[in-house]
Amino acid sequence: AMTHILWQCASASGGGDKAKEACVVKLSDRPFFVSIPGKYKADRLTERLVLSYATTKEDLKGLLETNLSQFENGTGNGVILFLYCLLLSRGVKNVLADVDDENRLL
């Protein structure tokens with residue numbers, strides 16, 4: 001089901017039945033230290049994201065199967081990781097264009 005949903009998001013972003021790229025997000029096992037001035041606040045999740053891209057539905061399925069434990073583990077990050085996958089596969093500009101209220105933030 002996850003493969004189908006992500007593939008639909010990527011296809012909708014690229015036009016037609018062919019997806020540009022579907023994004024699969026996983027967490028790195030290595031700790032990262034990020035120091036960025038400004039409004040960014042480290043949350044110990046975002047700075048550990050590792051992005052992988054699939055250009056075929058079969059590759060996407062393989063990526064998801066390889067990283068399935070990341071979505072099923074008990075830390076509660078699975079839904080957030082899948083949300084990142086959807087957002088990055090659809091494209092931020094496309095997601096913002098889908099929003100009904102122009103003043104609403106992601």
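Which helix is threonine 3 found in? Threonine 3 sits in helix H1, residues 2-14. Keep in mind that what you are looking at is a predicted model. With a relative accessibility of 14%, threonine 3 comes out as buried, because the cut-off for that label is under 20%. As for what covers it, if you skip residues up to four places away in sequence, threonine 3 touches Lys57, Leu60, Lys61 and Leu64.

**The chain as a whole**

Stepping back, the chain has five helices and two strands. Read from the N terminus, the elements go α-β-β-α-α-α-α. There are 106 residues in the chain, and 32% of them count as buried. If you take the contacts with a separation of 6 or more, 63% come from residues 24 or more positions apart. The exposed surface adds up to about 7500 Å², with carbon and sulfur atoms supplying 54% of it.

**Helix H2 and the loop after it**

Now for H2, which covers residues 57-66 and has Leu60, Leu63 and Leu64 as buried residues. Looking down the axis of H2, those buried residues fall within an arc of 95 degrees, so they line one face of the helix. Turned away from that buried side is a face carrying the exposed residues Glu58, Glu65 and Thr66. Leu60 and Leu64 have already come up, as they are among the residues that threonine 3 touches.

Asparagine 67 is in the loop between H2 and H3. Despite the loop setting, asparagine 67 is buried, at a relative accessible area of 9%. Its contacts, leaving aside neighbours within four places in sequence, are with Val24 and Lys26.

**The loop between the strands**

Leucine 45 is another loop residue, placed between strand S1 (22-27) and strand S2 (49-54). A relative accessibility of 11% makes leucine 45 count as buried. Setting aside residues up to four places away in sequence, leucine 45 touches Leu27, Asn77, Ile80 and Tyr84. One of these partners, asparagine 77, is 32 residues from leucine 45 along the chain, yet their C-alpha atoms are separated by 8.4 Å.

**Helix H4 and the aromatic pair**

H4 has 13 residues and spans 18 Å from its first C-alpha to its last, close to the 18 Å expected at 1.5 Å a residue. Its buried residues are Gly78, Leu81, Phe82, Cys85, Leu86, Ser89 and Arg90. These cover an arc of only 160 degrees around the axis, which puts them on the same side of H4. Just after H4, glycine 91 adopts a positive phi of about 100 degrees.

How many aromatic pairs does the structure hold? There is one. The ring centres of phenylalanine 71 and phenylalanine 82 are 6.4 Å apart with the planes at 85 degrees, so this pair is edge-to-face. It links distant parts of the chain: phenylalanine 71 belongs to helix H3 (residues 68-72) and phenylalanine 82 to helix H4 (residues 78-90), eleven residues apart. Phenylalanine 71 is buried at 11% relative accessibility, and phenylalanine 82 is buried too, with a relative accessible area of 16%.

**The salt bridge and helix H5**

Searching the whole structure turns up one salt bridge. The partners are aspartate 98 and arginine 90, and their closest N and O atoms are 3.0 Å apart. In general, side chains of opposite charge can pair when their charged atoms come close. Is arginine 90 buried or exposed? Arginine 90 is buried, with a relative accessible area of 16%, whereas aspartate 98 counts as partly exposed at 44% relative accessibility.

Asparagine 94 lies in helix H5, residues 92-98. At 27% relative accessibility, asparagine 94 counts as partly exposed. The C-alpha atoms of asparagine 94 and serine 13 are separated by 6.7 Å, although the two residues are 81 apart along the chain.

For quick reference, here are some accessibility values in one place.

| Residue | Relative accessibility | Class |
|---|---|---|
| Threonine 3 | 14% | buried |
| Leucine 45 | 11% | buried |
| Asparagine 67 | 9% | buried |
| Phenylalanine 71 | 11% | buried |
| Phenylalanine 82 | 16% | buried |
| Arginine 90 | 16% | buried |
| Asparagine 94 | 27% | partly exposed |
| Aspartate 98 | 44% | partly exposed |

How values were computed
Residues numbered from 1 in each chain as written. Predicted model: local features only at pLDDT ≥ 70, side-chain atom pairs only at ≥ 80, totals over all residues. Heavy atoms only, no water. Phe/Tyr/Trp six-rings, centres within 6.5 Å; stacked < 30°, edge-to-face > 60°. Helix = DSSP H or I, 4+ residues; strand = E, 2+ residues; numbered from the N terminus. Buried < 20%, exposed > 50% of the residue type's maximum accessible area, 1.4 Å probe, protein only. Expected span 1.5 Å × (residues − 1). Arc of directions from axis to C-beta. Salt bridge = Lys/Arg side-chain N within 4 Å of Asp/Glu carboxyl O. Contact = heavy atoms within 4.5 Å. Areas by Shrake-Rupley, 256 points an atom, 1.4 Å probe, with all protein chains shown as cover.
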